[in-house]
Amino acid sequence: MPSFACTYAQGNETFYSTNLGGDNLWTNAANWALDPAGTIPAGNPPGITDNVVIRDSVRHNVNSGYIHYGDITIEESGIYSIFTTNLKTDPYFFAGERMEVFGLLRTSSDFEHQLPRRLSSSIQGTNDGTLTFFETAVLRIGDDLILNGEGFTVFDNFACGDGSTVDDLYVKGWGNGLSISGKGVFVVPDAIRVWDTDNPTSEVELSGQPYINTLEEQVAVGFVLLPQGAVTDCSALQPLPVELTHFGAEIDKEAVKLSWVTASETQNDHFLLEKANPSGDFDPLARLEGNGTTSAASYYEFIDMAPSIGRNLYRLKQVDIDGAFSYSNIVSASFQISTPGISVFPHPVQGSAQVDVIGFPISQQVTIRVENLLGQIIMEQLVEVDRSGAATLSVNSNLRAGTYLIKAHSQAVHLSRKFMVY
């Protein structure tokens, strides 16, 4: 069995990723803070019993095996990449009470939720815990997704293509078994394999069954409940009424360019391009008319001139002439403002004005200060930037006519500019 070169942390603190170290590495203490605003340096990377909130890109290199017992949250803007040098000798296990995935979870090999009950004579696995993949979640599992023990797994978004990618789904249960549920489409490109770890020869392969209504009868170790309309094979999904050969999103200067190509169309009335809002629901962004019925290739393009800071999610809703519709896979584009800035409107200021700062790290606190040319502080306010990296301050009419400085600074960004008051 592998040896796990890990030491327990002395407490169960919550670590927030900041990427201030500049290298994205899990082991770099400079990439972690102990508060959501990122103002309290952690001084060390998370221990295996600490809770972790991933808000940007984090790379976790596993060289001698790793088990994490604390909770992990991957926010919508977060990317958690796990790379193991050798699958058999350097495995990664998540054995916490709760993992919630809103963003991207990526591994170089298997991803195992909960330990096998008898990993070794000295390491006993846990039998419960919840793993939740929300609607905005994207999975890039290098090989198999393996669920162990008696945990509870919720799939609210699990699909072919850009939604999620795994090979086999292994359900290794005992006792009361594993519960799998959710409201989204549930897809495994290869097969679902179920067995009782107390009896390794009891494996049951469930590939090619579009509805798993008989799974409870087939698995003696417990029960597995799949969402309504669940499928286990990508080929079982209904294809779009058009032959969609490409759908992609890419950054184009200060915008996101969406493009898609159809090889043929049958009674295609129109496309609705939809974009996920901060709550994870999709709202209409644009309508593009279809080409009815054609065997010729068709090209479509739309420019999103107002992308959100962070990861933007898009999908296509294709609508037939008779009103029937289908959805495409979800595509994403990560957008960051390269140059932070300050704007004052109206300017010159007459009476009151609004000061906007943009391009700050998400969820950091920003101090906005108004000074005269002698350096005296006229007003000061501490604000927290929103999910787009922006914050706003109102300047009142108490300022006398003249020239002033507006300064904005956070832990990572410092800005200043002059403005006039009439």
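These exercises work through a cavity, a sheet, two nonpolar cores and some backbone details in a predicted model.

**Exercise 1. The cavity**

Task: Find how many cavities of 30 Å³ or more the structure holds, and state which residues line the largest cavity.

Solution.
Step 1. Count. There is one cavity of 30 Å³ or more.
Step 2. Take the volume. The largest cavity encloses about 30 Å³ of space.
Step 3. List the wall. Ser17, Asn19, Asn24, Leu25, Trp26, Asn31, Trp32, Asp56, Ser57 and Val58 line the largest cavity.
Step 4. Sort the lining by type. Four of its residues are nonpolar, five are polar and one is charged.

**Exercise 2. A lining residue with positive phi**

Task: Locate Asn24 and decide whether Asn24 is buried, partly exposed or exposed.

Solution.
Step 1. Place the residue. Asn24 sits in the loop between strand E1 (14-17) and strand E2 (32-33).
Step 2. Check the backbone. Its phi is positive, about 70 degrees, although Asn24 is not a glycine.
Step 3. Check accessibility. The relative accessible area of Asn24 is 24%. Buried would require under 20%, and exposed over 50%. Asn24 is therefore partly exposed.
Step 4. Link back. Asn24 is also one of the residues lining the largest cavity.

**Exercise 3. Positive phi within a strand**

Task: Say where Gln267 lies, and what its phi is.

Solution.
Step 1. Place the residue. Gln267 belongs to strand E22 (residues 255-276).
Step 2. Read phi. Gln267 is not a glycine, yet its phi is positive at about 50 degrees.
Step 3. Add accessibility. Gln267 has 41% relative accessibility and counts as partly exposed.

**Exercise 4. The four-stranded sheet**

Task: Give the strand order of the open sheet and explain which strands stand at the edges.

Solution.
Step 1. Write the order. The open sheet runs E31-E30-E33-E34, with antiparallel pairing.
Step 2. Find the edges. Strand E31 (377-384) and strand E34 (414-421) each have a single partner strand, so one side of each lacks a neighbour in the sheet.
Step 3. Add the twist. From one strand to the next, the twist averages 20 degrees.

**Exercise 5. Bridges to E33**

Task: Work out how many bridges join E30 to E33 and how many join E33 to E34.

Solution.
Step 1. Take E30 (residues 365-372) and E33 (residues 402-409). Six bridges join these antiparallel strands.
Step 2. Name pairs. Val370 has Ile406 of E33 as its bridge partner. Glu371 has Leu405 of E33.
Step 3. Turn to E33 and E34. Eight bridges join them, again with antiparallel direction. Thr403 is bridged to Met420 in E34.
Step 4. Describe the connection. E33 and E34 form a hairpin, with four residues between them.

**Exercise 6. Two nonpolar cores**

Task: State how many residues make up the largest nonpolar core, and which touch the most other members.

Solution.
Step 1. Size the core. The largest nonpolar core has 32 residues.
Step 2. Pick the best-connected members. Ile72, Tyr80, Tyr92, Met99, Leu105, Phe111 and Phe133 touch the most other members.
Step 3. Look beyond it. Another core, of 23 residues, lies apart and includes Val370, Val383, Ala391 and Phe419.
Step 4. Connect to the sheet. Val370 also bridges to Ile406 in E33.

**Exercise 7. Cis peptide bonds**

Task: Identify which residues a cis peptide bond joins at Pro346 and at Pro348.

Solution.
Step 1. Start with Pro346. A cis bond joins Phe345 to Pro346, with omega about -10 degrees.
Step 2. Go to Pro348. A cis bond joins His347 to Pro348, with omega about 0 degrees.
Step 3. Place the prolines. Pro346 is in the loop between strand E28 (341-345) and strand E29 (353-358). Pro348 is in the loop between E28 and E29.

Key. Residues are numbered from 1 along each chain as its sequence is written. This is a predicted model: local features need pLDDT of at least 70, side-chain atom pairs count only at pLDDT 80 or more; totals for chains, interfaces and linings use all residues. Side-chain values use heavy atoms; hydrogens and water are left out. On a 1 Å grid over the protein atoms alone, a cavity is a set of points where a 1.4 Å probe fits but cannot get out, and a pocket is an open set with protein on both sides within 12 Å along at least five of seven lines; lining residues have an atom within 4 Å of a point. Grid points are joined across faces, edges and corners, and a volume is the space filled by probe spheres set on the points. Ala, Val, Leu, Ile, Met, Phe, Trp, Tyr, Cys and Pro count as nonpolar, Asp, Glu, Lys and Arg as charged, and the others, Gly among them, as polar. Two strands pair if DSSP finds at least two bridges between them. Helices (H or I, at least four residues) and strands (E, at least two) are DSSP runs, numbered from the N terminus. Axes are lines fitted to C-alpha atoms, for helices over the stretch in contact, and angles run from 0 to 180 degrees between N-to-C directions. A nonpolar core is a set of buried Ala, Val, Leu, Ile, Met, Phe, Trp, Tyr and Cys residues joined through side-chain atoms within 4.5 Å. Buried means under 20% relative accessible area, exposed over 50%, partly exposed in between (1.4 Å probe, protein chains only).
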